[in-house]
Amino acid sequence: MKPLYHYLRDFLQEHFQWKYYLLLSAFLGLCLYVNYTLDFEDSILDLYYGKPIGFLYYFLYFAFAYYGACALYALCYGKWNIFSSRVFWLRSLFVLGLLALDKGFYFFHGLIANELPPEVQYFSRKVINNLIGILSTLIPLFLFYLYFDRQQRNFYGFNRQKFLLRPYAYLLVIMLVVVSIASFFENFNNFYPIYKSSLAHVHWGIPEAGTVAVYELAYGFNFISIELLFRGFMVLGLAKVMGRQTVLPMVCAYCFLHFGKPSGEAISSIFGGFVLGVFAYESRSIYGGVLLHVGIAWMMELAAYLQE
């Protein structure tokens, strides 16, 4: 665990300022209060899901979080010059556009409804929703990498050089205990498992464990694309422009991504996003974040299945 402790210590020694962290905490606290009081993300913003204008609203939604954190940083540190950087605008607008695209990607829904039997539509939507990151994240980022960042040694954090497995394995053991306890609470079991039973396995004549396994593999892949987007590009892809400042704007956007989930998960995403962002920045690798994210996600699914 020492390497991970050193990552956090070194980051906070260089970056921490009481005023900035307090203002950012107040900003996120107010956003959390407004979202869960008005049910903003689910009942207001998602009304535009499936409509072309929805992409614009999702973009503005994430831009408010991201640029709000950047503005607070500029205010507290007196570094307004970040907003005069063309590289900053190119990369930040690009990644926020990808977030909006991923959040509002609905084009396959009509195809599923029109072309597939009713028994397999739910299963197909759930699987494709998790694999859509191939089109909305992986391919665009790879093209961006080839055009702008080919000189870098690795693809936005796919770097094993400073990755240490043992500390992350210890963290997973700790999280196993936490998830096991959380699984006994009603709020947890109202949300998990993400994939509910369907008739897809009956239609195809296979054991239900088969459809569940396919879904869980797709679910795990989704977290790889999330780590690539948030810790890979939003942290490491912008590091040469912003330095350690890349982490907290990413955390704000990452928190907003969780506003459709239970409030406790949205709050924990702030701390989890910060820790994973620091680990990625200091190690220049997203492998640890991928391991933790996928591992915890599958733990939560398994715990919920065992509670059924």
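Three helices, α12 (208-237), α15 (263-283) and α16 (287-307), each supply at least two residues of the lining of the largest cavity. That makes the cavity a good place to start a walk through this predicted model. Of the three, α15 deserves a special look, as this helix gives the most to the lining, with three residues.

How many cavities of 30 Å³ or more does the structure hold? There is one. The volume of the largest cavity is about 40 Å³. If you would like to find its walls on screen, select Tyr-168, Glu-227, Arg-231, Leu-276, Phe-279, Ala-280, Ser-285, Ile-286, Gly-288 and Gly-289, which line the space. By character, this lining divides into five nonpolar, three polar and two charged residues. As for the idea behind such a search, rolling a probe the size of a water molecule over the atoms shows where empty space is left.

Let us stay with two of those lining residues, Glu-227 and Arg-231. They form a salt bridge with each other, and their closest N and O atoms are 2.6 Å apart. Both Glu-227 and Arg-231 are buried. Why are they separated by about one helical turn? The reason is that Glu-227 and Arg-231 sit four residues apart in helix α12. An α-helix has 3.6 residues a turn, so residues three or four places apart point the same way.

From this pair we can move on to the other salt bridges, keeping in mind that side chains of opposite charge can pair when their charged atoms come close. The count for the structure comes to seven. One of them brings together the side chains of Asp-149 and Lys-240, at 3.3 Å from N to O. This pair links distant parts of the chain, as Asp-149 belongs to the loop between α8 and α9 while Lys-240 belongs to helix α13 (residues 239-242), 91 residues apart. Their surroundings make a nice contrast. Asp-149 has a relative accessible area of 0%, so this residue is buried. Lys-240, with a relative accessible area of 52%, is exposed.

Another salt bridge joins the side chains of Glu-265 and Lys-261, with 3.6 Å between N and O. Glu-265 counts as buried because its relative accessibility is 17%, whereas Lys-261, with a relative accessible area of 23%, is partly exposed. Elsewhere, salt bridges that share partners join Arg-91, Asp-149 and Lys-240 into one network.

The loop that holds Asp-149 has further points of interest. Gln-151 also has its place between α8 (133-148) and α9 (165-182). Is Gln-151 buried or exposed? Its relative accessibility is 58%, so Gln-151 counts as exposed. For a sense of the layout, compare the position of Gln-151 with that of Arg-86: the two are 65 residues apart along the chain, and their C-alpha atoms are separated by 19 Å.

Further along, the loop between α8 and α9 also contains Tyr-156. The backbone here is worth checking, as the phi of Tyr-156 is near 45°, a positive value in a residue other than glycine. Tyr-156 is buried, with a relative accessible area of 1%. Asp-39 offers a second case of a positive phi outside glycine, with a value near 55°. You will find Asp-39 in the loop between α2 (18-38) and α3 (40-44). With a relative accessible area of 32%, Asp-39 is partly exposed.

Now turn to helix α14 (residues 247-257), which is largely enclosed by the rest of the structure because 10 of its 11 residues are buried. The buried residues in α14 are Val-247, Leu-248, Pro-249, Met-250, Val-251, Cys-252, Ala-253, Tyr-254, Cys-255 and Phe-256.

We can end the tour on the outside. Which residues form a nonpolar patch on the surface? They are Leu-47, Tyr-48, Ile-53, Leu-56, Tyr-57 and Leu-60, and together they have about 520 Å² of accessible area. Leu-60 is part of helix α4 (residues 52-77). With a relative accessibility of 46%, Leu-60 counts as partly exposed.

How values were computed: Residues are numbered from 1 along each chain as its sequence is written. This is a predicted model: local features need pLDDT of at least 70, side-chain atom pairs count only at pLDDT 80 or more; totals for chains, interfaces and linings use all residues. Side-chain values use heavy atoms; hydrogens and water are left out. Patches are made of residues with over 30% relative accessible area and no salt bridge: like charges are joined within 9 Å, nonpolar side chains (Val, Leu, Ile, Met, Phe, Trp, Tyr) within 5 Å. Accessible areas come from the Shrake-Rupley method with a 1.4 Å probe; for residues, only the protein chains shown count as cover. A salt bridge is a side-chain nitrogen of Lys or Arg within 4 Å of a carboxyl oxygen of Asp or Glu. Buried means under 20% relative accessible area, exposed over 50%, partly exposed in between (1.4 Å probe, protein chains only). On a 1 Å grid over the protein atoms alone, a cavity is a set of points where a 1.4 Å probe fits but cannot get out, and a pocket is an open set with protein on both sides within 12 Å along at least five of seven lines; lining residues have an atom within 4 Å of a point. Grid points are joined across faces, edges and corners, and a volume is the space filled by probe spheres set on the points. Ala, Val, Leu, Ile, Met, Phe, Trp, Tyr, Cys and Pro count as nonpolar, Asp, Glu, Lys and Arg as charged, and the others, Gly among them, as polar.
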